[in-house]
Amino acid sequence: MFRLVLGFCVLVVGLVGCRDECDPAVDWPRCEGNVLVTCPEPGVDQIVPIRFSRIDCGSRVCVTSGSRGLCALSPDPSPLCADAGASVCESDTSRVRCGAGFITARDECLHCFVPDGGNGSYVTCEGGPASLCSDDSDCVPSLTCSPDGFCVTPSGA
C-alpha cells in the first residue's frame, strides 16, 4: 500500500511540476487578464526546463502583437510608434518608448530631440530618466540628480 501511495505522489508531483514548462517555438506570448505570459528563449547552456514567465502589467495594459507581448500604456497601437525605433519625441518636452507599435512608456524631458546627423533611431531626452546632470536643475522637476550624476526618481517616491 505504501508503494502505491508513494507512486501516486511521485506521479502527481511530476505532472504538476511539468505543467508550467513551455516551448518558445509554440508558446507565443498571451495575456491572462492583465498578466503577460511569455515563454523565454533558452540560454545557450540551458539544462533546466524552460518555464512560463508571468509579468503583472499593473497600471499598464497587457497586449500582444504577432509573436510579441508587452505591457503598454494603451490597448491601441500608436501612430507615433508605427515606423519608430525604440523611442520617439512626442513633443519638445516628451519622449515615448515604443514596442511592437505600442507606447510602452512616456518620459518627461527638458528638451527632446534627434541629435544632428542622427537618422531618427536615436532620441535624446535631456533632463529625463538616466540623463547626465550636475545638479537637480539639469533634471525635470519629477527627478533629482543622483550622486553618480544621472537624473533619477527620488528615493522613497
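Start by selecting cysteine 31: at 31% relative accessibility, this residue counts as partly exposed. Keep in mind as you click around that this is a predicted model. Now add cysteine 62 to the selection. The two cysteines form a disulfide, with 2.1 Å between their sulfur atoms. Put a dihedral on the S-S bond and you should get -90°, which makes the link of cysteine 31 and cysteine 62 left-handed. Cysteine 31 belongs to strand 1 and cysteine 62 to strand 4 (residues 61-65), so this pair ties together parts that are 31 residues apart in sequence. Unlike its partly exposed partner, cysteine 62 is buried, at 10% relative accessible area.

While you're at strand 1, show the cartoon for the sheet around it. Three strands make up an open sheet here, ordered 1-2-3, with antiparallel pairing. At the edges sit strand 1 (30-32) and strand 3 (53-56), each of which pairs on one side only. If you fit axes to neighbouring strands of this sheet, they are turned by 30° against each other on average, ignoring direction. Zoom in on strand 1 and strand 2 (residues 35-38): they run antiparallel, and three bridges join them. Which residue of strand 2 stands opposite glutamate 32? Select valine 35 and you have the answer.

Next stop, cysteine 57 and cysteine 71. Here is another disulfide, with the sulfur atoms 2.0 Å apart. The angle about the S-S bond is -70°, and the link of cysteine 57 and cysteine 71 is left-handed. This pair links distant parts of the chain, 14 residues apart: cysteine 57 is in the loop between strand 3 and strand 4, and cysteine 71 is in strand 5 (residues 68-72). Are these two cysteines buried or exposed? Switch on a surface and hunt for them: both cysteine 57 and cysteine 71 are buried.

Move on to cysteine 89 and cysteine 112, joined by a disulfide with an S to S distance of 2.1 Å. The link of cysteine 89 and cysteine 112 is left-handed, with -90° about the S-S bond. Cysteine 89 lies in strand 6 (residues 87-91) and cysteine 112 in strand 9 (residues 111-113), so parts 23 residues apart in sequence are tied together. Cysteine 89 is partly exposed at 23% relative accessible area, whereas cysteine 112 is buried at 5%. Want to find the rest? Select every cysteine sulfur and look for pairs within 2.5 Å; the count comes to eight disulfides.

Time for some backbone torsions. Pick alanine 100, in the loop between strand 7 (94-99) and strand 8 (102-108). Its phi is near 50°, a positive value in a residue other than glycine. With 28% relative accessibility, alanine 100 counts as partly exposed. Then jump to alanine 130, in the loop between strand 10 and strand 11. Alanine 130 also has a positive phi, near 70°. This residue is exposed, at 56% relative accessible area.

Stay in that loop for the last stop. Leucine 132 lies between strand 10 (124-126) and strand 11 (144-145), and it is exposed, with a relative accessible area of 67%. Add Phe150 and Val152 to the selection and show the surface: with Leu132 they form a nonpolar patch with about 280 Å² of accessible area together.

Conventions
Residues are numbered from 1 along each chain as its sequence is written. This is a predicted model: local features need pLDDT of at least 70, side-chain atom pairs count only at pLDDT 80 or more; totals for chains, interfaces and linings use all residues. Side-chain values use heavy atoms; hydrogens and water are left out. Patches are made of residues with over 30% relative accessible area and no salt bridge: like charges are joined within 9 Å, nonpolar side chains (Val, Leu, Ile, Met, Phe, Trp, Tyr) within 5 Å. Accessible areas come from the Shrake-Rupley method with a 1.4 Å probe; for residues, only the protein chains shown count as cover. A salt bridge is a side-chain nitrogen of Lys or Arg within 4 Å of a carboxyl oxygen of Asp or Glu. Helices (H or I, at least four residues) and strands (E, at least two) are DSSP runs, numbered from the N terminus. Buried means under 20% relative accessible area, exposed over 50%, partly exposed in between (1.4 Å probe, protein chains only). Two strands pair if DSSP finds at least two bridges between them. Axes are lines fitted to C-alpha atoms, for helices over the stretch in contact, and angles run from 0 to 180 degrees between N-to-C directions.
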